[in-house]
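Me: I would like to go through this structure with you. Could we take the sheet, then the empty spaces, then the cysteines?

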Amino acid sequence: MTSAGIARAPFGTLQDGTVVERVTLRGEHGFEAAILPFGAALQALLTPDRDGHCDDIVLGHDELDGYLAQRKFFGATIGRYANRIAGGRFVLDGETVKLEANNGPNALHGGPQGFDRKLWRIVELSDDAAPTLVLERESPHGEEGYPGHLTTRVTYRVRGPMELAVAYEATTDRPTCLNLTNHSFFNLEGARSGGQILDHRLTIASDHFLAVDATAIPLPGPPRPVDGTPFDFRKPTAIGARIRMDDEQLRLGRGYDHNFCLASGTSVRLAARLEAPNSGRVMELFTDQPGLQFYSGNFLDGSTAGKGDRLCRQSDALCLEPHAWPDTPNRPDFPSARLDPGQIYRRSIVYRFSTV
């Protein structure tokens, strides 16, 4: 299928012979988003710089084999639970839910075979008002240990001149915990530019963050104020300005890998703004999620080759992941991630691009 706003093409083949497509949603001024049903992943995102030159600004692979060979979460939809759950277990309605520990002692990003390792179904393609792709998958009760048969939909929509909206919906047949997000790695200078993100200027609309232990699990007690710490991004600040300060939390994360607590409420609001000095690209991130995980690409170690056969190294890209707070199922003092039968899980992310 090819239209003014949508293009489909084979991207690769799974081991069982299933062909995985690449669906491209086109906006204006060369803006376009390419999505893979494998992992419901954002494979490419082309945006113009201040001179009108379009470049891909997310890490990933040029072929499906790269995604199959190594699990790096590039652009993927993360579930059932984004981030970490301490000890790979939690108690729900008096019953202990046991998960597989795949990140030291903890469960990370849905377990060894999370949503990012699954092939989603294309259930809708629409170019009526805005190019739109809807993907769906059924997660059976007990998958990776999580209770409840879950039906999940992810909608990618290109809106306006340069805006990508990502919407999540899910229902369950029994009580469960759910936390979905997108795990794109951004470099607003371009994924193949060779530049780092340390000079990107970041603003995060948050007064508090969650300090963590050596395994990246939030410490007991309330969130810490960002005031007077390297975690204060309330005003535009270069990411590299304080990343090497002698700070215990920066040592534990090898940089930034922390949840920032967003204002409470259910409305979509501005959570972060990112600006690249050379290209002039600006990304504003809006969400209705309670938290934003800022990850400065600390564990990109050169072991993976990405687009253009470039090795992905530390500080080549960053992640801004809107989601529930880490380890929420074990923390009744945190905003709840519980989903019950009869409820509909609805969460949104909007990426809005411009230039300066």
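Me: Which residue in β12 is the bridge partner of Arg121?
Reply: The bridge partner of Arg121 in β12 is Glu136. Please bear in mind that this is a predicted model.

Me: How many bridges join β11 to β12, and how do the strands run?
Reply: There are 5 bridges between β11 and strand β12, the latter covering residues 132-139, and the two run antiparallel. They form a hairpin, with 5 residues between them.

Me: What is the strand order of the open sheet they belong to?
Reply: The open sheet has 9 strands, in the order β11-β12-β13-β14-β29-β23-β22-β17-β20, with antiparallel pairing.

Me: And which are the edge strands?
Reply: They are β11 (121-126) and β20 (237-238), each of which pairs on one side only.

Me: Further into that order, how many bridges join β23 to β29?
Reply: Strand β23, residues 281-287, is joined to β29 by 7 bridges, and these strands run antiparallel. As one example, Met283 has Phe353 of β29 as its bridge partner.

Me: Changing topic to pockets: what volume does the largest one have?
Reply: The volume of the largest pocket is about 640 Å³. It is lined by 29 residues, of which Arg84, Asn103, Leu108, Tyr295 and Phe299 are the closest to its centre.

Me: Which elements give two or more residues to that lining?
Reply: Those elements are α2 (248-253), β24 (291-295) and β27 (319-323).

Me: How does the lining of the largest pocket divide by class?
Reply: The lining comprises 11 nonpolar, 10 polar and 8 charged residues.

Me: What about the second largest pocket: how much space lies in it?
Reply: The second largest pocket holds about 190 Å³ of space. Its lining consists of 13 residues, and the closest to the centre are Ser336, Ala337, Arg338, Tyr345 and Arg347.

Me: Which elements contribute two or more residues there?
Reply: Both β28 (338-339) and β29 (345-355) do so. The largest share, 3 residues, comes from β29, which also belongs to the open sheet discussed above. By class, the lining of this second largest pocket has 7 nonpolar, 3 polar and 3 charged residues.

Me: Now the cavities. How many of 30 Å³ or more are found?
Reply: A search of the whole structure gives 4 cavities of 30 Å³ or more. About 90 Å³ of space lies in the largest cavity.

Me: Which residues line the largest cavity?
Reply: The lining includes the aromatic residues Phe38, Tyr67, Phe73 and Phe74, together with Gly39, Ala41, Gln70, Arg71, Lys72, Ala76, Asp116 and Arg117. By class, 6 of the lining residues are nonpolar, 2 are polar and 4 are charged.

Me: Last topic: how many disulfides does the structure hold?
Reply: The structure holds 0 disulfides.

Me: Why is Cys312 not in a bond with the closest cysteine sulfur?
Reply: The closest cysteine sulfur to that of Cys312 is in Cys319, and the two sulfur atoms are 11 Å apart, which is too far for a bond. The cut-off for a disulfide is a sulfur pair within 2.5 Å. Cys319 is accordingly in no disulfide either, its nearest cysteine sulfur being that of Cys312.

Me: Are these two cysteines buried or exposed?
Reply: Cys312 is buried, at a relative accessible area of 5%. Cys319 also counts as buried, because its relative accessibility is 0%. The cut-off for buried is under 20% relative accessible area.

Methods: Residues numbered from 1 in each chain as written. Predicted model: local features only at pLDDT ≥ 70, side-chain atom pairs only at ≥ 80, totals over all residues. Heavy atoms only, no water. 1 Å grid on protein atoms, 1.4 Å probe; cavity = no way out; pocket = protein on both sides within 12 Å on 5 of 7 lines; lining within 4 Å. Points joined across faces, edges and corners; volume = space filled by probe spheres on them. Helix = DSSP H or I, 4+ residues; strand = E, 2+ residues; numbered from the N terminus. Nonpolar A, V, L, I, M, F, W, Y, C, P; charged D, E, K, R; others polar. Pairing = 2+ DSSP bridges. Buried < 20%, exposed > 50% of the residue type's maximum accessible area, 1.4 Å probe, protein only.
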